[in-house]
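Reader: Give me a close look at one part of this model, starting with a single side chain and its surroundings. Keep it brisk, and state the cut-offs.

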Amino acid sequence: MTDTATGKKTAEGTSSRNSTGTLVTTKDDGLVTKQGTTSIADVVVQKIAGLATREVSGVHDVGGGAARAFGAIRDRIPGASASVGQGVSVEVGEKQAAVDLQIVVEYGVSIADLARSVRRNVITAIEQMTGLEVVEVNINVNDVYIPGDDDEEPASDRVK
């Protein structure tokens, strides 16, 4: 902000007086400035949230059942890459973002503690990288991963 007595500009923004003499402050938050506007695409925030979620110990996977099934198929296709935004939906405005996550937790992990850690990590990553204010992170726990459940082939009485 510009100090009206000294005329100096600080990191908070710029202050000036309008035609009536009222002090008006313009905040430069990094995304909307006098020099222009920075727009951040939803997919950017979606990828950041997906990666930040996967970093937290206790998160086995991200995405609902159908998303994980398509991901498993995609992983088997040579040259196809996994989607880091799988299981993440976002709404991005000019200065704020909201995130919805679908996760699978590992058995034995406290879901309440895990949700706090995921929420903290996602908010920190998005705010540091984009400058957007994260107003909410909603977490939907879809499943619990139990080691060994998906390692076994289903028994079949069919002729091979």
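Author: Start at aspartate 100. This residue is partly exposed, with a relative accessible area of 33%. Partly exposed means between the two limits: buried is under 20% relative accessible area and exposed is over 50%, with a 1.4 Å probe and protein chains only. The areas come from the Shrake-Rupley method, and for residues only the protein chains shown count as cover.

A word on the input. This is a predicted model; local features need pLDDT of at least 70, side-chain atom pairs count only at pLDDT 80 or more, and totals for chains, interfaces and linings use all residues. Residues are numbered from 1 along each chain as its sequence is written, and side-chain values use heavy atoms, with hydrogens and water left out.

Aspartate 100 sits in strand E7, residues 96-106. Strands (E, at least two residues) and helices (H or I, at least four) are DSSP runs, numbered from the N terminus. On the surface, Asp100 joins Asp42, Glu91 and Glu136 in a patch of negative charge. Patch members have over 30% relative accessible area and no salt bridge; like charges are joined within 9 Å, and nonpolar side chains (Val, Leu, Ile, Met, Phe, Trp, Tyr) within 5 Å. Asp and Glu count as negative, Lys and Arg as positive; His and the chain ends are not counted. Each charge is placed at CG of Asp, CD of Glu, NZ of Lys or CZ of Arg.

A nonpolar patch is also found on the surface. Tyr107, Val144 and Ile146 form it, with about 300 Å² of accessible area together. Valine 144 belongs to strand E8, residues 133-145. Its relative accessible area is 35%, so valine 144 is partly exposed.

Now the paired charges. Side chains of opposite charge can pair when their charged atoms come close. The whole structure yields 1 salt bridge, meaning a side-chain nitrogen of Lys or Arg within 4 Å of a carboxyl oxygen of Asp or Glu. Arginine 116 pairs with aspartate 113; the closest N and O atoms are 2.3 Å apart. About one helical turn separates these two, because they are 3 residues apart in helix H3. Both ends are partly exposed: arginine 116 has a relative accessible area of 47%, and aspartate 113 has 41%.

Helix H3 spans residues 111-130, and threonine 130 is part of it. At 9% relative accessibility, threonine 130 is buried. Its side chain makes two polar contacts. One goes to the backbone oxygen of isoleucine 126 at 2.5 Å. The other goes to the backbone nitrogen of leucine 132 at 3.1 Å. A polar contact is a pair of N or O atoms within 3.5 Å; within protein, one must be able to donate a hydrogen and the other to accept it, and residues adjacent in sequence count only if both atoms are side-chain atoms.

Glycine 131 lies in the loop between H3 and E8. Glycine 131 is partly exposed at 42% relative accessibility. Its C-alpha is 6.9 Å from that of glycine 30, 101 residues away along the chain.

Glutamine 86 occupies another loop, between helix H2 (65-76) and strand E6 (88-92). Glutamine 86 is buried at 12% relative accessibility, and its side chain reaches the backbone oxygen of valine 62 at 2.9 Å.

Last, the frame. The protein chain has 3 helices and 8 strands, in the order β-β-β-β-α-β-α-β-β-α-β. Of its 160 residues, 26% are buried.

Note on methods. Accessible areas come from the Shrake-Rupley method with a 1.4 Å probe; for residues, only the protein chains shown count as cover.
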